[in-house]
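Me: Could you take a close look at how the helices pack against each other in this model? I'd enjoy a connected walk through it.

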Amino acid sequence: MFNQHNDIVEKESSLLKNYSRYPVEFVSGDGAYLFDKNGKKYLDFLSGIAVTGFGHSNPRIKSAVEKQINKLWHVSNLFESEQQEILAEKLAEISGLDSVFFCNSGTEANEAAIKFARKWGKGRSHIITALNSFHGRTMGSLSATGQKKVWEGFEPLTPGFSYAEFGDIDVLEQEYNKHANETVAIMLEPIQGESGIIIPPEGYLKNVRQFCDEHNLLLILDEVQSGMGRTGKFFAHQWEEIKPDIITIAKGIANGLPLGAAICSKEVGDEIKPGSHGSTFGGNPVAVAAAIEVVNLLDDSVLNQIDKLGTSLIESIINLHAIQIKEVRGKGLMIGVEFNEGISAKVIAQKLLSDGVVTGTSGEVVLRLLPPFIITEKEIVQFGAALSGVLNEL
């Protein structure tokens, strides 16, 4: 770009400034590693925020995508789709539910779940979610999110939501009693991701399922981050052997291509008729081709390996005996490292990035680790050494 004197000046970005971006540009990836435009190699322990579960340039997923993109990119949902039928059948079988709506993202899946619940409720519209939850940034899912900091500047919120402390069934019941006649559903993340990898007490989800049954409420589980194998089960709620009425997924479903889904029970699905809801791009043939391969890859051996790798990673961090670490928690490869007050997780993430390791953060003091499912013990040791080095410098 030139000014009036024909001097070269730096062009200000035309991108909206809604992200605080790290000053690194990745141009390629291979397995568990990324490479920036200068050729520097990075160990990826973020996976695009729980998206690229099978790493970068996975040959099976890449082949499926290339095969589909050479045939057909898009036709819309006005026509039948064999690929969508195949994927929907797989998701229904794994979930124990009956019908699937495809969209493009997690927030769209949650918007669909909210609409479907209210349609089923026939006049009941109130939904109870959890404090510190995160369900997305469109207005319905934003209103379902129990965090004031993400509401700021966007009020008034969509009415019909209230919030109860996560993990406490007694508090949930108290909140329900305030809105008993209007309440149609309880909507929860099995593990709260954006709030710092918060795992509820054992038995909590079972108790919520029982409570919903007793009061004729739907149970909506937001598995956008915790689903698709991330915790060592296909869905995180399967650790408690329950079945919700609606499951929402996205992120890891297509290993980086935009796809989301709301999986519904027959009772919920029967209420949705042509014109009730829709999506122009939802269930795009290319994204669905990738997702079918992801589901095929997520067999029992891979899920068991995710569980084992997660245990190994947690133990390796605990074994650092770092005085800065307050707690390490997680399930499978969905892990949060909470630091003592005054220790900035963002500073640690920045230092790790400088040392060639990509991580994320949740709030001020939690380092968020979401590595791909294909990591090995070698990468776990590599990460531990990098984290130890950063903490020793503080």
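Reply: Happy to. A crossing is called right-handed if the near helix is turned clockwise from the far one by less than a right angle, and left-handed if anticlockwise. Please keep in mind that this is a predicted model.

With that in hand, start at helix H7 (residues 169-178) and helix H8 (residues 204-215): the crossing of H7 and H8 is right-handed. Their axes come within 10 Å and cross at roughly 25°. Angles under 35 degrees count as roughly parallel, and H7 is therefore roughly parallel to H8. On the H7 side, the meeting residues are Ile169, Leu172, Glu173 and Tyr176, and H8 brings Tyr204, Asn207, Val208, Phe211 and His215. By class, this contact of H7 with H8 divides into six nonpolar, two polar and one charged residues.

Now move along to helix H11 (residues 300-318) and helix H13 (residues 377-393), which pack at an angle of about 25°, with axes 10 Å apart. H11 and H13 are therefore roughly parallel to each other, and H11 passes H13 in a right-handed crossing. H11 contributes Leu309, Ser312, Leu313, Ser316 and Ile317 to the contact, while H13 contributes Glu377, Ile380, Phe383 and Leu387. Six nonpolar, two polar and one charged residues make up the contact of H11 with H13.

Phe383 leads on to the interior: in the largest nonpolar core, of 61 residues, Phe383 touches the most other members together with Leu298 and Leu367. Helix H10 (residues 285-297) supplies the largest share of this core, nine residues. Apart from it lies another core of 25 residues, including Ala113, Ala117, Ile220 and Ile246.

Conventions: Residues are numbered from 1 along each chain as its sequence is written. This is a predicted model: local features need pLDDT of at least 70, side-chain atom pairs count only at pLDDT 80 or more; totals for chains, interfaces and linings use all residues. Side-chain values use heavy atoms; hydrogens and water are left out. A nonpolar core is a set of buried Ala, Val, Leu, Ile, Met, Phe, Trp, Tyr and Cys residues joined through side-chain atoms within 4.5 Å. Buried means under 20% relative accessible area, exposed over 50%, partly exposed in between (1.4 Å probe, protein chains only). Helices (H or I, at least four residues) and strands (E, at least two) are DSSP runs, numbered from the N terminus. Axes are lines fitted to C-alpha atoms, for helices over the stretch in contact, and angles run from 0 to 180 degrees between N-to-C directions. Angles under 35 degrees count as roughly parallel, over 145 as roughly antiparallel, 65 to 115 as roughly perpendicular and the rest as oblique. Contact means heavy atoms within 4.5 Å. Ala, Val, Leu, Ile, Met, Phe, Trp, Tyr, Cys and Pro count as nonpolar, Asp, Glu, Lys and Arg as charged, and the others, Gly among them, as polar.
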